[in-house]
Amino acid sequence: MIDNKKINNFALSIVKDLQDNGFQAYLVGGCVRDLLCKIIPKDFDIATNATPEQIRKIFKASRIIGRRFKLVHVFNRSELIEVATFRSGENKENDGNLVTDRTGKILRDNIWGTLEQDTFRRDFTVNALYYCPVSKKIEDHNSGIKHIRDKKIVSIGDPIKRFSEDPVRSLRAIRFSNKLQFKIDSKIKDAIYKQGHLLSHISNARLFDEFCKIFLNGIAEKNFKKLESYGLNQYLILTNPNDTIFSSELIKEALRNTDKRFGENKSITPGFLIAAMLWPELIKRASKNDEINLRKFFRSMDQVLKNQQNITAIPRKFHTYIKDIWILQLKLHSRIGKQPYKTLKHPRFRAAYDFLLIREKASKCKPDLGSWWTKFQKNDPSSQKSLISNLRELTEEQSFKKFGFPEELI
Ligand code: ATP
Ligand code: MG
């Protein structure tokens, strides 16, 4: 059923080395599911009955990582494969290797077990398939293959309990159902409605990882809409109860733009999306009498970033990127004297210009400013000069010193 040629060679060699050393070893999870669905897997994970220390001994180039969930990274020059030891999911010794909090959330899971036991700690039946590339057999203890055939995301065990153990599973159910075009089982739907709010207890670092998986995978708009229908966007994106339709239009435009770039194999960054998601809030805070107050604008940039940080972490390197895009929005509105030349030279000009285009699209206003910049960046110096002089009637008021967006564009 699975063609071994579609499997990463390094992953195959790790499975074989583990088996040659007398251990059980399987490809597991997403890669088996994707291969059965004729999708190219993103990564290849391995599960084994060897302990992390035993794995470490077999592979010189390897490292034990994680406290909450110990596993081993085995690497060669260019690749890294995760090898996890089977977990039992229960702790009779109560020795601190399996720890949950008051709500049942798993804080640590390092009790080793058998393959059968390991299947029950996985989230969905389609993710609990174990493939041995040597015997070419699939271990399926939870009807995963049937559910792939039925195109269904089904929880292993009661989803209410499983989602309190780990609330991120509700986001994962939505992500997999869109990626695979599978239906979500009704019990899972109920559990998302009932337990979705537990996402507010998840660390911002983990939610940032999930944010990237959901919105940087080519189907961001689709994921956003489904999350919206379950009321889960608020656990990933700073939202305001008084938000206008506009802010969600701007976000959707940014998501469409990201999906399009993904399809064209162009670089994509969470920074651009976060800049769009927070822009309406920034403008709201910085506006006074329908004009942007520059002092407020600059002060509010860090505040809105901080508020988003409380939800998802935002790695440092994206802060300046996001702020550059925002500040350049002001500068793009200023087309007097030398300013347009300076703006054009800015290393973030391209991103800021793309951002302006999505603001115009979302606002459904005439794309005058965007078209002006489209021409300006392509033109030779003399045509650039005349583009600027044609704007002479612009007053200093409309430059970014004292600054107001045209009413229809935000
Ligand atoms: P993809 O890589 O396409 O996002 P995946 O299924 O491989 O999907 P990973 O996050 O790479 O997802 O995890 C690998 C496997 O580990 C999953 O298939 C699943 O069996 C298990 N797993 C991962 N996260 C969880 C979780 N939060 N709860 C239970 N099992 C999980
Ligand atoms: Mg994976």
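1. Domain bounds here come from an automatic or database domain assignment. For this protein that gives domain 1 (1-150) and domain 2 (263-409), and their C-alpha centres lie 46 Å apart.

2. Some housekeeping before the details. This is a predicted model, in which local features need pLDDT of at least 70, side-chain atom pairs count only at pLDDT 80 or more, and totals for chains, interfaces and linings use all residues. Side-chain values use heavy atoms, with hydrogens and water left out, residues are numbered from 1 along each chain as its sequence is written, and chains are lettered from A and ligands numbered from 1 in the order in which they are written.

3. On the whole chain: the C-alpha atoms fit a box of roughly 80 × 45 × 40 Å along the principal axes. There are 18 helices and 13 strands, taken as DSSP runs numbered from the N terminus (helices: H or I, at least four residues; strands: E, at least two).

4. Of the 410 residues, 50% are buried; that word means under 20% relative accessible area, with exposed over 50% and partly exposed in between (1.4 Å probe, protein chains only). The protein exposes about 20,700 Å², and carbon and sulfur atoms supply 50% of that area. Areas are Shrake-Rupley values with a 1.4 Å probe, and for residues only the protein chains shown count as cover.

5. Contacts (heavy atoms within 4.5 Å) reach a good way along the sequence: among those between residues at least 6 apart, 66% join residues at least 24 apart.

6. Have a look at strand 4 (residues 71-75), where four of the five residues are buried. Strand 4 pairs with strand 3 (residues 62-65) in the antiparallel sense over four bridges, and pairing calls for at least two DSSP bridges between the strands. Ile 65 has Leu 71 as its bridge partner. The hairpin of strands 3 and 4 has five residues between the strands, and Gly 66 takes a positive phi near 85° there.

7. Strand 4 also pairs with strand 5 (residues 80-85), antiparallel and again over four bridges. Phe 75 stands opposite Leu 80, and a hairpin of four residues joins the two strands.

8. Last stop, His 147, in helix 5 (residues 144-150). His 147 counts as buried because its relative accessibility is 11%. Beyond its neighbours within four places in sequence, His 147 touches Thr 125, Val 126, Asn 142, Lys 152, Val 154 and Phe 182. Val 126 is 21 residues away along the chain, yet the C-alpha atoms of Val 126 and His 147 are separated by 6.5 Å.
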